[in-house]
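Trainee: I should like to request a close look at a single part of this model. Please take me through the packing there, and then through one residue elsewhere in the chain.

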Amino acid sequence: MVAADVPAVHELERRLFPVDAWPLQMFVDELAQAETRRYLVAESGGTIVGYAGLMCIEPIADVQTIAVVPEQEGRGIGSALLTELIRESRRRHAADVLLEVRADNPRAQQLYRRFGFEQIHVRPRYYRDGVDALIMRLVLGAPEDPQEAGRP
């Protein structure tokens, strides 16, 4: 994601998360923190159809957002975005990846479980409409020691 993507991403955000949409400035602020953030977009035919963001402050990475337009669900876009966020977490030496997911979003929960995330906590009434958030964690473990891997 680059600054020029923010208006389109924000429009998608408002469409996909009408109750909890981030303000446009929040995306601008997140992109400005490249040392601890990584944001991605997925495009189809030159149109943004998904986006995702990660905050990583070692040893924890936190998925800040991930979304795919409903018309493109089931095509692997969410999986591709999540795969890249996990890769970025490893590059940044995170031991764990955390995320919050709506308790009433079984499709997203299923995606995260396929990637090995496990529910570790519930935040009651976390979302503005009163829905609970499930806190999920993927344990990445300690980064591999280059010498143990046979590398110089």
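Mentor: In this predicted model, Val 6, Pro 7, Val 9, His 10 and Glu 13 of helix 1 are in contact with Leu 24, Phe 27, Val 28 and Leu 31 of helix 2. Sorted by class, the residues of this contact comprise seven nonpolar, one polar and one charged. The polar class is represented by His 10 and the charged class by Glu 13, both of which belong to helix 1. Two packed helices are described by the angle between their axes and the distance between the axes. Helix 1 covers residues 6-16 and helix 2 covers residues 24-31; their axes come within 9 Å and cross at roughly 130°. Because this angle falls neither over 145 degrees nor within 65 to 115, helix 1 and helix 2 count as oblique to each other. The handedness of their crossing is right-handed.

The residue to consider next is Arg 102, which lies in strand 4, residues 96-102. Arg 102 counts as buried because its relative accessibility is 19%, and the cut-off for that class is under 20%. Leaving aside residues up to four places away in sequence, Arg 102 is in contact with Asp 20, Gln 109, Tyr 127, Asp 129, Val 131 and Asp 132. For one of these, Val 131, the C-alpha atom is 6.7 Å from that of Arg 102, although 29 residues separate the two along the chain. Within its own stretch of sequence, the side chain of Arg 102 also forms a polar contact of 2.9 Å with the side chain of Asp 104.

Note on methods: Residues are numbered from 1 along each chain as its sequence is written. This is a predicted model: local features need pLDDT of at least 70, side-chain atom pairs count only at pLDDT 80 or more; totals for chains, interfaces and linings use all residues. Side-chain values use heavy atoms; hydrogens and water are left out. Helices (H or I, at least four residues) and strands (E, at least two) are DSSP runs, numbered from the N terminus. Buried means under 20% relative accessible area, exposed over 50%, partly exposed in between (1.4 Å probe, protein chains only). Contact means heavy atoms within 4.5 Å. A polar contact is a pair of N or O atoms within 3.5 Å; within protein, one must be able to donate a hydrogen and the other to accept it, and residues adjacent in sequence count only if both atoms are side-chain atoms. Axes are lines fitted to C-alpha atoms, for helices over the stretch in contact, and angles run from 0 to 180 degrees between N-to-C directions. Angles under 35 degrees count as roughly parallel, over 145 as roughly antiparallel, 65 to 115 as roughly perpendicular and the rest as oblique. A crossing is left-handed if the near helix is turned anticlockwise from the far one by less than a right angle, and right-handed if clockwise.
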